[in-house]
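User: Please take a close look at one part of this model. I would like to see how its strands and the neighbouring helix fit together.

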Amino acid sequence: MAIAALDVDYRADAAVTACVVFETWSDEHVLESYTVKSPAAAEYAPGAFYLRELPCLLAALGRCAAPPTTVVVDGHVWLGEGRPGLGAHLYQALGETVPVVGVAKNPFRGAPAHEVLRGDSRRPLFVTAIGMPGEAAATLVAGMHGPHRVPTLLRLVDQLCRRG
């Protein structure tokens, strides 16, 4: 079993995608981590974020030593009832065989997210999923390592793409 968490940071002329791979949801340490630099795929468009980010995520997943059994993205799987977000598009691109969990720091109006409070934070994370029940995904995110709002390994992947 391998879980891959991904995040992308955009520069003027490129995108840096970070990937951390870990074995269990409660892990503190990674099995592997890396960054992939690629040209920016598209300009940001509200509601069509996947056009910009999906090619970057797929490039990074292609570098995994073994195919992950679950993927975690920084963003929403669903934008609303029947409105696929980044995570749903990624799930489809992966052949609808690998569950995708979206963990967003901000709500998206209409998104059917499960709110997860961690640590002493009063601000929830917003968890959506495809390929597994949303409630199960929220429970897994709630149990991830770390005392803060953002779990240790999700904070790490964010830092890696920003430094990459």
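**Strand β9 and its surroundings**

Analyst: Start with one pair of residues: isoleucine 130 in β9 is the bridge partner of valine 100. Keep in mind that the model is predicted.

That pair belongs to a longer pairing. β7 and β9 run antiparallel and share five bridges. β9 also pairs with β8, again in the antiparallel sense, through three bridges. Here valine 116 has leucine 125 of β9 as its bridge partner. β9 therefore has β7 as one pairing partner and β8 as another.

How many of the residues of β9 are buried? Six of six are, and the strand is mostly covered. The burial holds on either side of the strand. Leu125, Val127 and Ala129 point one way, and all are buried. Phe126, Thr128 and Ile130 point the other way, and they are buried as well. Buried here means under 20% relative accessible area.

Now turn to β7. Five of its five residues are buried, so the rest of the structure largely encloses this strand. Both of its faces are covered. Val100, Gly102 and Ala104 lie on one side, Val101 and Val103 on the other.

β7 has a further pairing, with β4 (residues 70–73). This one is parallel and counts three bridges. Valine 72 stands opposite valine 101 of β7. So β7 pairs in the parallel sense with β4 and in the antiparallel sense with β9.

Next comes the helix, α3, which spans residues 134–142. Its buried residues are Gly134, Ala137, Ala138 and Val141. Why do these four lie on the same side of α3? They cover an arc of only 100° around the axis, which puts them on one side of the helix. The face turned away from that buried side carries Glu135 and Thr139, and both are exposed.

What do the buried residues of α3 pack against? They pack against β7 (100–104), β8 (114–116) and β9 (125–130).

Put together, the picture is this. β9 pairs with β7 and with β8. The buried residues of α3 pack against these three strands. Glu135 and Thr139 sit on the helix face turned away from the buried side.

Key
Residues numbered from 1 in each chain as written. Predicted model: local features only at pLDDT ≥ 70, side-chain atom pairs only at ≥ 80, totals over all residues. Heavy atoms only, no water. Buried < 20%, exposed > 50% of the residue type's maximum accessible area, 1.4 Å probe, protein only. Helix = DSSP H or I, 4+ residues; strand = E, 2+ residues; numbered from the N terminus. Arc of directions from axis to C-beta. Contact = heavy atoms within 4.5 Å. Pairing = 2+ DSSP bridges.
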